[in-house]
Amino acid sequence: MKPDRPEKHKLLSRRELLKAGGAGALGILGAKRTAAAALPEPMDTTDGQPSTATRMSGETRTVHSVCLACNARCGIRGVVRDGRLVNISGNPYHPYNMQFSPIAPETDVSTAMTVGSPVCGKALDTPNHVYSPYRIIRPLKRSGPRGSGRFEPIAWEVLVEEICRGGRLFAHLGEKRKVPGIADLLSDEPVNPDDPGLGPQRNGLVFLTGRLQSGRKEFIDRFVKGAVGSKNRIGHTDICGLGFRMGNFAMSGGEQVELKADPKNADYILVFGANLYEALQPGINTYGAIVARRRSEGRLRFSIIDPRATRASVHAEAWIPVRPGKDGALAMGIIRWMIENDRVNRAYLRAPNPEAVKKLGFGVVSNASHLVICDPSHPDDGAMLRARHLAPSLSKGAGDDPMVFGDKKGLAGPASTFETAVLDREGAVQGEDGRPIRVKTAFRLLKEEAFSHTLEGYADACGVDAQGIARVAEAFSAHGTRAAVTQYHGAGNYVNGTYAAFAIAVLNVLVGSVNMKGGYLPGGGGCADPLKGPYDLKSFPGMRKGGGVAISREKADYEASAEYAEKKRKNGSGYPAKRPWFAFTKGGLCVEALAGIDERYPYGAQVLFTYLFNPIYSIPGGYRFKETLIDPEKVPLHVSLDVAVNESNIYADYIVPDLSFAEGHHGWLTPHAPGPTFTGIRTPMIEPLTEKTPEGKPICMETLLIDLALRLDLPGFGEKAIGDKDGSALALFTAEDYYLRAFANIAHGAGLAPAPAGEVDYVQGAYPISQCKQVLPENQWRQVCRLLSKGGVFTPYEAGFEGNVFKKGLSQVLIYNETLARSVNSMTGERFKGRPHWLAPCTVEKVPLDELQDGYRFTVVTYKSRLHTQSRSLWSRWAMEIEGENRVEMNPEDMKRLGLKDEDPVNLASMSNAEGIIGRVRSTALVRPGCVAVSFHFGHTQFGASPLSVEKAETVFIGGPSVVRNGTLMPVPRFAKGLNPNDVALLNPDLNRTPMVDPVSGIPDFSSTRVKIAKMAE
């Protein structure tokens, strides 16, 4: 039986969108206000942020920094009165706050303070987050079973000792096991004696990070990788948006993962799964504002491809309501139409080398005309044909030259020797042994793939009629190099999303817009290297480089493992692996890291650190890992660094309080795509609120890692840890010892002049970090003052171009990726395809996920609200006042069929979670029939949503006695409102019911879960 599939949808024009949505569509532009439960204390309507005039008041001080309310990296100005953060506004020196047109860097600070500069609501709510009464400020040790919610404060010296040395740490709770400490892992003996290639026992330390940016990332790596020697500092790139990044990774040959349409100069943008006006990088006050302004001026057209009409859809030329997880079919349909109707940029695609491309005025060479070996009998089948295949005696450089058909007779020659090459051909060339080698151009392979389905076939798969595909293809291909794609989370974050996002990225190659003004651009990078310069922060004496295989199996070759060799000996093929390995990936696979921890594969974790990471809440299907984190056999020791007790660290053995970005998170932030070249500087705006160690250092991530390193006598910390240009060895005992020297490297590398006396006085009077200025010599400190006083160092947007070409663009673009083509699916032994193609999300056994979930009619799609941010959003007081609960958003046709009306409670049950989750339904024509849209941010059980039994709780939480009664943390009922769509996400029946991931690169699946919906009794 085929699953229920809604009728294919035509494209909706803006006028039709407004008509269809009625008041709901008009609501795209306005904040939707819902009734909110009582706040911890009544909201005072006069309790707003002070006016911008307070920036210049003698009673306040103002600090330039970089926001971390989301990952957009906008500049901010924090206004502090009596040591308390009272106001956040934008930094007019920063390009992101000024739509890429900031004030001149030489503008003096006093003048800059009079310039208004916007930030979004997420940033404005920062003070409420910083001072949430439910923040923890003292370290905790569990005093009951994991998950019981029972904790007690622990002294700093005892905490450090127990994490370092382990032992019978919970004997007082009746647990007889010996808990390993970090010291037990400091061995170069194999973590798995049967497979030394997996690396040393040091890999038993696994450090999983949530929101982590440059600065702290390098600091953590110094400890985990350099000092301990573990391979396993693993980020959360997969749940953050690995899907679209993998498309760019494949298209750029791994050179870049973030590219987007140039909003300042594009004529047409095709938006795949990107939420322009609500949540994007750069932020909504940057990218979204530029798009809205240029659209209103009639200088930009754009179309939205998304199952849900985002707020930007009201300005779009069309909303194309694609089926969730089927963007790849739509993209391949567009590619087919463009090839079939000769709407590809053939002149560009035929240019086979950089010189030929430059002569034509384009931005980057493509491999469209390069030849691919398509000969199963050849040992390099699937690789690009290179000169060495025909003449092995050539030197390495000459031998690597790709080959092309250089004339109509079909004669092959090195790409470097031709100005144009044949684009669409297959044939044979004579190999070194005289035998023919079958070859095809990369373009021919793409064409074959695109033509493997009819336009109607693609339409049937993606749910957009063939005429609609043709119209959007025609619009996109009508603007030359001033047309480009902006894709994000929705475009490829699902099983087989690598190929969907690859197809979307290749659209830009086909029109020749990569690296072109108005086209598809990467970010411009930073202004200087923070790890090199006057100070060497990149290496240190005794530094370890780590080795072996990450527990997530990312960037690792299964065929090099002992498991493969043993299985090959037994079954002749070596397949399948126990779990997937991901040789072709950008990495940051936290989902598969947790799955590896769960199955102790390819080895077990001994000590787990989680940093600002809430996987049970944030991962689709993360609820599966409750049983992982609660099990001491799978997680012998769990240390969490966080600002709160969350849904995941409720299972931790220790919770160490960390700082908000207003108090710490020193960093150097470079631009997202597309963008100018800059380095924004994040520095504390207020003093830390956490408890201090006996030595007077604030308790936080850096202090913990430093003190652990000192206790274990690890290299890279303590005396003589940092080298300088004079050959001296300098100390690293505090966070500022590291970060101030990084800032000095940036100021030096960017060639900043020393700040004048007025700027020095400003920084020293306003910035908490100035208390540590003695770390630097006077001349370096004055350079750093120049850096801090502006919030970074920034270059003009237009300076990034030479004529129409982006100067810091890609060096090549690929429509065929030979590395991908030569990679093997570790579960099947089959090679992956090296070009974009349409492949529906399916299981390891190739069962389409739609068929697997037959009978579950509605596909769940998720999104981020314009007001809310990540999983800690319920502490955003003003956002919660405006929007305190999410809804199950459904198309009116579906609600009518189910007999539902607005605000009815409904249960969403999936194949993997039959119990389901409950929310209230809301009607909107802005969701595709057959789908339900649920915003993220709600449905919490922690962060103050549940009672906790914490000894001396009044000293642990910022709220003190106001949030504690009889030793119990008193919950706020409204914090538990709403529902979390990740709690019904589909689990993989073929892989121990762990979350579904893409077999190519490990992308988690956010778009394939289908549910049954039932009305609940009130």
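Contact here means heavy atoms within 4.5 Å of each other. The exercises concern a predicted model, in which local features need pLDDT of at least 70, side-chain atom pairs count only at pLDDT 80 or more, and totals for chains, interfaces and linings use all residues. Residues are numbered from 1 along each chain as its sequence is written, and side-chain values use heavy atoms, with hydrogens and water left out.

**Exercise 1.** Place proline 133 in the chain and determine which residues it is in contact with, leaving aside its neighbours within four places in sequence.

Solution. Begin with the location: proline 133 lies in the loop between helix H5 (126-130) and strand E5 (140-142), where helices (H or I, at least four residues) and strands (E, at least two) are DSSP runs numbered from the N terminus. Next, list the partners, which are Phe957, Ile958, Gly959 and Val963. Then examine glycine 959, which is 826 residues away from proline 133 along the chain although their C-alpha atoms are separated by 3.7 Å. Finally, consider accessibility: proline 133 has a relative accessible area of 23% and is partly exposed, a class that lies between buried (under 20% relative accessible area) and exposed (over 50%), with a 1.4 Å probe and protein chains only.

**Exercise 2.** Determine which residues of helix H26 are buried, and where they lie around its axis.

Solution. In H26, which spans residues 757-766, the buried residues are Glu759, Val760, Tyr762, Val763 and Ala766. Viewed down the helix axis, these buried residues fall within an arc of 160°, so they line one face of H26; the arc is taken from the directions that run from the helix axis to the C-beta atoms. The face turned away from the buried side carries Ala757, Asp761 and Gly765, which are exposed. As a last step, look for the cover over the buried residues of H26, which includes strand E2 (60-66), helix H3 (109-112) and helix H27 (778-790).

**Exercise 3.** Describe how helices H6 and H24 cross, and which residues make the contact.

Solution. The axes of H6 (residues 156-165) and H24 (residues 701-712) come within 10 Å and cross at roughly 60°; such axes are lines fitted to C-alpha atoms, for helices over the stretch in contact, and the angles run from 0 to 180 degrees between N-to-C directions. From H6, the contact is made by Trp156, Leu159, Val160, Glu161, Ile163, Cys164 and Arg165, and from H24 by Thr703, Leu704, Asp707, Leu708, Arg711 and Leu712.

**Exercise 4.** Identify the residues that touch the most other members of the largest nonpolar core, and follow one of them to its partners.

Solution. A nonpolar core is a set of buried Ala, Val, Leu, Ile, Met, Phe, Trp, Tyr and Cys residues joined through side-chain atoms within 4.5 Å. The largest such core has 272 residues, of which Phe223, Phe272 and Phe609 touch the most other members. Helix H19 (residues 497-511) gives the largest share of this core, ten residues. Phenylalanine 223, not counting residues up to four places away in sequence, touches Ile182, Leu205, Val228, Leu705, Leu708, Ala709, Leu714 and Phe717.

**Exercise 5.** Locate the cis peptide bonds that precede proline 282 and proline 576, and state their omega values.

Solution. The bond from glutamine 281 to proline 282 is cis, with omega near -5°, and proline 282 lies in the loop between E10 and H9. The bond from tyrosine 575 to proline 576 is also cis, with omega near 0°, and proline 576 is placed in the loop between helix H20 (562-571) and helix H21 (590-599).
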